[in-house]
Each structure stands twice: as structure tokens, then as C-alpha cells.
Amino acid sequence: MDRSKYLTVSQLTKYLKLKFDRDPYLRTVYLTGELSNFRLRQRHQYFSLKDDHAVIDAVMFEREFRQVKFRPEEGMKLLVVGHVGLYERSGRYQIYIDQMEPDGVGSLYVAFEQLKKKLQQEGLFNLPKKPLPLFPKRIAVVTSLDGAVIRDINTTVRRRYPIAQVVLYPTVVQGEKAAADIARQINRANERGDFDTLIIGRGGGSIEDLWPFNEEIVARAIANSKIPVISSVGHETDTTIADLVADRRAATPTAAAELATPVLTDTLLAIQDSQRRLANAMRNRIEFAKKELAKQTQSYIFQQPQRLYENYTQKVDQLSQQLVQLEQQTFLRLHNQVQTVTGQLMNQSPLHRVKQDQQLVSQLNKQLQTGMVNNYQRRQEQVQSLIRQLDSLSPLKIMGRGYSYVTKDQRVVSQAKQLTAGQHVQLHFADGQADAEITKIKEN
């Protein structure tokens, strides 16, 4: 096998790259397609362009991408110009883009709409508008040193309000560096801090000429300005981001100067008219006050001042009587309350309680003595009754009627069978006793 016929992958890729680089049809390619796989990166941009049937990788280096005025978005139709080459490491061909713009509308228009939408969502267009001072002392103008804008503004201010001072902050109004320079001069005027009004502007031109006033850095400088800003950019039909952010918009530099200043002669006439009206008003007030004074001095109060307090004197008498009555009623009410409380206190007094208890003890003593006497008499009667009953049942009383009883050895003999012949017994009678001997026993 002849290995010399075989190429390495690197050799083949290098050969194909040379073919791509030398092909005149691939050096400048105009391509249209839909943006795909786009993610904004810090430097170089890598993405794809596609249509319904194919996809091609695309690269746009930092230097070329900085020239793009709009922000590419996924799915956007694009028109690009570049050259096709082969990336050796992956062996894939791709287009290296030098220019890019939206398909159908200009890139500047797309960039304008994108920034407008962004700032509108942030609320930059809806910030409270700062009022323009009526009589400015110092006016700052941010515009070109050599343009007609500053001449028109100076002429208008000298004609309308010559006592105002116009200070120019010269700036570049066209080109890549213009936006940063305009923002810097706006910030400088604010840092100085003694301006009443700030005018920014330039003359007419194409959208490319006016583009610095559509840059985000200028819009934010205007929004952050502490000085009221009048924007006068381009012609009346031109609208820039600066116009939308500014506190006021003027169609021309002359109109901007007219917005910033009053007409001195008109102001003086207005002041004179105000003076006349103030003097007339003061005279009228004085005349009215004189009439009121005369009317008051003729009133009965000044003619008969005692009538002013007659009603009050009568009312004082009535109130005095009511006060005396109220004092008496109050005294009686409090006296009754004191009597009631004193009675309650006496009832609750320990001495009063002792007296009550002593009375109760005396009463109970009497009841006890009466009860004891009654109880003694009742008991005595019961004893007499029992004595009578006992006496009626006494053996002595029975024996007094002729009865006797027999004892043997100090025991009562109640039956004949308890005795035997020859025993000695004692016979007990009512008036004495006798000894006897049993001779014979006969039982019934």
C-alpha cells in the first residue's frame, strides 16, 4: 500500500482553505438570511444565518461589530456583506461579516426604535418635566462653535431679553465622537451649577448627521440634568431621542431661544401695567376702607357705646343668679350626701356595733334566765309527778296495808319451793321485821 497517496486532515483542510481564499466569488459575498443562535458577547460575535433549506456559520469581529448601530435580535432578517472562508481547526466553512443591516428597514431606524423602546420602558420619557424659569439670568448652549445655531440663539436673546447671558459649551455635533462630547458638555454645564436654562441643538441634516442626538449616553445626560433642557435638533419634522427626553422641544434654534426668554419690552410693559393695576387696586381699597370707617363711626356703637354692653350686663346678672342657685343646690346636695355618709359611718362604727351587741347580750341573758326558771319549774313538776308515781308503787305503802315479804340470807323469797322445813327466815313488815322458822311447806 502506497502511503504517499494519502493526505492528512490538516493538509486537506489547508488546501480547501486556499481554494476558498483564492476564489474571487467568495471574497465579497452579499447574503440575506435569518439571524439564529445569537447571544451578545463582549468582543467577537458568533452566530448563524439560515433560510428554509440551509444554515451557515457567521463571525463578526469586534471592530466591525462596533460600527453596527442597532442591536441584532434572534429571528431578525438581515442583509450582510462579507467573505466566505474555512476555519481549519473545525474544517467548517463560515462567512466573515464586515457590514450588517436589517432587511427591509435601515439599521439606524431599527437602532432608534430599539433605544426608544428601552428608554420608554425605563420611564425616561415620563419623568416630571422641569419648568423653564420666566426670567433667566444665564443660559448655557451646547452646540457647534461654527454653526448657525449659536448665532441664531445669540441674535434672538439680544433682541428679546438682552440682560440674559449666553454661555457656549462648544461640542462636536456629528461623527462617532459627537455623542460622548455632547454628554460631557451637558455634564460640565450642570457641574457649574449657575445656569437657569440649557439649550442643546444643531441644524438640519440626514438621520446619520443627527444620530449623535439619538445615542443613549446623550439621552441619559439630558435626563440627569438638574437644569431645564430645551432640545432643538434638526428640522421640525425630525424627532430624536434627545427631543423625547428633554423638558421642552423647539422646532428651531430661534424657537428655543424664544422659549428660554421673555420679550423684555413686553415684560416692562407688563410690569408697568401691573403697577397701574396695583395702584388702582390700592386706591380702591383705601376708598373702600374710608367708606367703611365713616359707616362704622356713624353706627350706634360709636354714638352710644353703652348700648354695646347692655345686653352683656343683663346676661352677666342672669348668669350670676344662676351661679348662686347652682351653688346653693350644690351645697344642699353635698350636705345631704354628707348626712347620708355620716349615718352609714355611724352604722358601721365599732362603738355602735358594741352597743348593739351589748343590747343583744342583755336580751339573751334575760331570755336565758327566763328559760332556766321555766325549765327548773318544768323539771320540778316532772320530779313531783315521778315521786307521786314512785310513791304509789312503793312496797312500804303496800306493806302498810297488811302485806309483808320473806327474805332468807338477805335475799327475797318469792316462791314456796325455795324454802325447806327447819330453815330460819326473816319476815319484813311495814313497821319492822321478825325472825321465823319454817315448820311446814305446802305448795299450791
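Val59 stands opposite Tyr96 in β5. This pairing belongs to a predicted model. Strands β3 and β5 run parallel and are joined by three bridges. On β5, a second partner is strand β4 (residues 77–87), which runs antiparallel to β5 and is joined to it by 10 bridges. Within that pairing, Leu79 faces Glu101 of β5. β4 and β5 make a hairpin, with four residues between the two strands. Gly91 sits in the turn and has a positive phi of about 75 degrees.

Aromatic contacts also involve β5. The model holds five aromatic pairs. In one of them, the ring centres of Phe20 and Tyr93 are 6.2 Å apart and the planes meet at 15 degrees; the pair is therefore stacked, the limit being under 30 degrees. The two residues lie 73 residues apart and link distant parts of the chain. Phe20 belongs to helix α1 (residues 9–22), and Tyr93 to strand β5 (residues 92–102). Phe20 has a relative accessibility of 22% and so counts as partly exposed. Tyr93 is also partly exposed, at 43% relative accessible area.

Another stacked pair consists of Phe61 and Tyr96, with 6.1 Å from centre to centre and 25 degrees between the planes. This pair, too, links distant parts of the chain, its members being 35 residues apart. Phe61 is placed in the loop between β3 (55–60) and α2, whereas Tyr96 is in strand β5. Phe61 is partly exposed, with a relative accessibility of 36%. Tyr96 has a relative accessibility of 15%, so this residue counts as buried. Tyr96 thus takes part in a stacked ring pair and also stands opposite Val59 of the neighbouring strand.

A further sheet is open and has five strands. Their order is β7-β6-β8-β9-β10, with parallel pairing. β7 (165–170) and β10 (248–249) occupy the edges. Each has a single partner strand, so one side of each lacks a neighbour in the sheet. Strand β6 (residues 138–143) runs parallel to β7, and six bridges join the two. Ala140 has Val167 as its bridge partner in β7.

The largest pocket encloses about 1100 Å³ of space. Its lining comprises 36 residues. Val68, Lys69, Phe70, Arg71 and Glu215 lie nearest the pocket centre. Four helices each supply at least two lining residues: α2 (62–65), α3 (107–122), α5 (178–192) and α7 (216–223). Helix α3 contributes the most, with nine residues. By class, the lining is made up of 16 nonpolar, 14 charged and six polar residues.

Backbone geometry calls for comment at two loop positions. Most residues other than glycine have a negative phi. Asn37 is not a glycine, yet its phi is positive, at about 55 degrees. Asn37 lies in the loop between β1 (29–36) and β2 (45–50). With 55% relative accessibility, Asn37 counts as exposed. Gln410 is likewise a residue other than glycine with a positive phi, near 65 degrees. Gln410 is found in the loop between β11 (405–408) and β12 (411–413). Its relative accessibility is 80%, so Gln410 also counts as exposed.

Terms used: Residues are numbered from 1 along each chain as its sequence is written. This is a predicted model: local features need pLDDT of at least 70, side-chain atom pairs count only at pLDDT 80 or more; totals for chains, interfaces and linings use all residues. Side-chain values use heavy atoms; hydrogens and water are left out. On a 1 Å grid over the protein atoms alone, a cavity is a set of points where a 1.4 Å probe fits but cannot get out, and a pocket is an open set with protein on both sides within 12 Å along at least five of seven lines; lining residues have an atom within 4 Å of a point. Grid points are joined across faces, edges and corners, and a volume is the space filled by probe spheres set on the points. Ala, Val, Leu, Ile, Met, Phe, Trp, Tyr, Cys and Pro count as nonpolar, Asp, Glu, Lys and Arg as charged, and the others, Gly among them, as polar. Rings of Phe, Tyr and Trp (its six-membered ring) pair if their centres lie within 6.5 Å; planes under 30 degrees apart count as stacked, over 60 as edge-to-face and the rest as tilted. Buried means under 20% relative accessible area, exposed over 50%, partly exposed in between (1.4 Å probe, protein chains only). Two strands pair if DSSP finds at least two bridges between them.
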